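Q: Can we go through this one together? I have some questions on the fold and a few residues.

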Amino acid sequence: MKTLVIALGGNALLQRGAVLSAENQYKSIALIADAIGKLAQKYRIAIVHGNGPQVGLLALQNLAYRDVPPYPLDILVAESQGMIGYMLAQQLSASHPQQPVSTLLTRVLVDAQDADYQAPSKFIGPVYAPEQRQALEAKYGWTLKADGNYIRRVVPSPAPQKILDIEAITLLLSQRHIVICNGGGGIPMIAGEHGLTGSEAVIDKDLAAALLAEQVGADHLVILTDADAVYQEWGTPRQRAIRRATTQELAPMAVADGAMGPKIMAVSRFVDRTGRTAHIGGLQDIDAVLAGQAGTSILP
């Protein structure tokens, strides 16, 4: 039986601009739960989810109660893994009660010297109007960057080096569980002379999904997002969806632009290292994306 790694974007699980509520997230998850459950009859499936909006909300809630020191980002990432993993498991079990599902808190090794600690790049939390920048920086000490027409908080996003709980993931996959793991890119861990410690960062979930797909020997990596494909000349009257392309053809688009670029970088890394196929497509089109009838297929 083939193995499939599915990466779900945090914004795909919670549509951009929607209220950060449990109800809205359940509605988004319900759109794909049945399709994933059916795929589990043909594939061993690992699901990696984003957590940008959710971990940002947890951070804001964390700051609201001032009688307790704020919890660090690695603990908030762990909280988001439990929260989103639970919601995914509930919907998958409701759609396919006979299919075993497991949510695994997953630690991922990162490099303490990663350049992103000096130049944070990962968007988390809600968007704000540009005129709020000064007040937010003064109140919270955040680093803020432009996100489209808005501004948004950014935090360090070191590259994932190694999935520390890979043996547990592999064991669950071998027992035909749908495994929800590496949530939010994984809990970032740094190795020191006294062992592993958590780090104030949020790992890119697409890079983590690509690393997971490589480590478990996945046959396919699928990144599902709120965009239905990779587009040429995006945002112009000439824009068109790219249905099939090689990593070499997509190389000019594989840039750290905070949008589609990191996804292309992640799938290209998987394809180049394994010689297997990856896909990028819309959340509700997973069957058609895998069949090459929707989304973008990335080939060696």
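A: What follows is a run through the sheet, the cores, the aromatic pairs and some single residues of a predicted model.

Q: Start with the sheet. In what order do the eight strands come, and is it open or closed?
A: The sheet is open, and its order is β3-β9-β2-β1-β12-β16-β17-β15. The pairing is mixed.

Q: Which strands are at the edges?
A: β3 (101-103) and β15 (244-246), each of which pairs on one side only.

Q: How many degrees are neighbouring strands turned against each other?
A: On average 20 degrees, with direction ignored.

Q: Take β2 and β9. Parallel or antiparallel?
A: Parallel, over two bridges. I180 in β9 has I47 opposite.

Q: Which strands does α6 lie across?
A: β1, β2, β3 and β9. Relative to β2, α6 runs at about 140 degrees.

Q: Now the inside. How many residues are in the largest nonpolar core?
A: There are 42 residues in that core. V5, I169, L212, V216, L221 and I280 have the most contacts inside it.

Q: Which elements each supply at least two residues of this core?
A: Strands β1 (2-8), β2 (43-49), β12 (220-225) and β16 (277-282) do, and so do helices α6 (166-174), α7 and α9 (261-274). The largest share, seven residues, comes from α7.

Q: Is there another core, and which residues are in it?
A: Another core, of 29 residues, lies apart from the largest one, and its members include L13, I178, I180 and I286.

Q: Back to I169. What is in contact with I169, leaving aside neighbours within four places in sequence?
A: L104, T106, I163, V179, C181, N182, L212 and V216. L212 and V216 are also on the list of residues with the most contacts inside the largest core.

Q: And H220, where is that?
A: In strand β12.

Q: Buried or exposed?
A: H220 is buried, because its relative accessible area is 16% and the cut-off for buried is under 20%. Leaving aside neighbours within four places in sequence, H220 is in contact with T3, L4, V5, Y43, F270, T277, H279 and L290. V5 is again one of the residues with the most contacts inside the largest core.

Q: Change of topic: how many aromatic pairs does the count come to?
A: Three. One of them is Y128 with W142, a tilted pair at 6.1 Å centre to centre with 45 degrees between the planes.

Q: Where do Y128 and W142 sit in the chain?
A: Y128 is in strand β5 (residues 122-128), and W142 is in the loop between α5 (133-140) and β6 (143-147). They are 14 residues apart, and the pair links distant parts of the chain.

Q: How are Y140 and W142 arranged?
A: They are stacked, at 4.4 Å centre to centre and 20 degrees between the planes. Ring pairs thus join Y128, Y140 and W142 in a cluster.

Q: Of Y128, W142 and Y140, what does each count as, buried or exposed?
A: Y128 is buried at 13% relative accessibility, and W142 is buried at 10%. Y140 counts as partly exposed, because its relative accessibility is 28%.

Q: Any odd backbone angles? What is phi at R176?
A: R176 has a positive phi of about 70 degrees, and it is not a glycine.

Q: Why mention that?
A: Because most residues other than glycine have a negative phi.

Q: Where is R176, and how exposed?
A: R176 is in the loop between α6 and β9 (178-180). R176 is partly exposed, with a relative accessible area of 35%.

Q: What about phi of E233?
A: Phi of E233 is also positive, near 50 degrees. E233 lies in the loop between β13 (230-232) and β14 (240-242) and is partly exposed at 41% relative accessibility.

Q: Last one, S199. Where does S199 lie?
A: In the loop between β11 (195-198) and α7 (205-215).

Q: Loop residue, then. Buried or exposed?
A: S199 counts as buried, because its relative accessibility is 5%.

Q: What is S199 in contact with, leaving aside neighbours within four places in sequence?
A: S199 is in contact with D74, Y117, P188 and I190.

Conventions
Residues are numbered from 1 along each chain as its sequence is written. This is a predicted model: local features need pLDDT of at least 70, side-chain atom pairs count only at pLDDT 80 or more; totals for chains, interfaces and linings use all residues. Side-chain values use heavy atoms; hydrogens and water are left out. Helices (H or I, at least four residues) and strands (E, at least two) are DSSP runs, numbered from the N terminus. Buried means under 20% relative accessible area, exposed over 50%, partly exposed in between (1.4 Å probe, protein chains only). Contact means heavy atoms within 4.5 Å. A nonpolar core is a set of buried Ala, Val, Leu, Ile, Met, Phe, Trp, Tyr and Cys residues joined through side-chain atoms within 4.5 Å. Rings of Phe, Tyr and Trp (its six-membered ring) pair if their centres lie within 6.5 Å; planes under 30 degrees apart count as stacked, over 60 as edge-to-face and the rest as tilted. Two strands pair if DSSP finds at least two bridges between them. Axes are lines fitted to C-alpha atoms, for helices over the stretch in contact, and angles run from 0 to 180 degrees between N-to-C directions.
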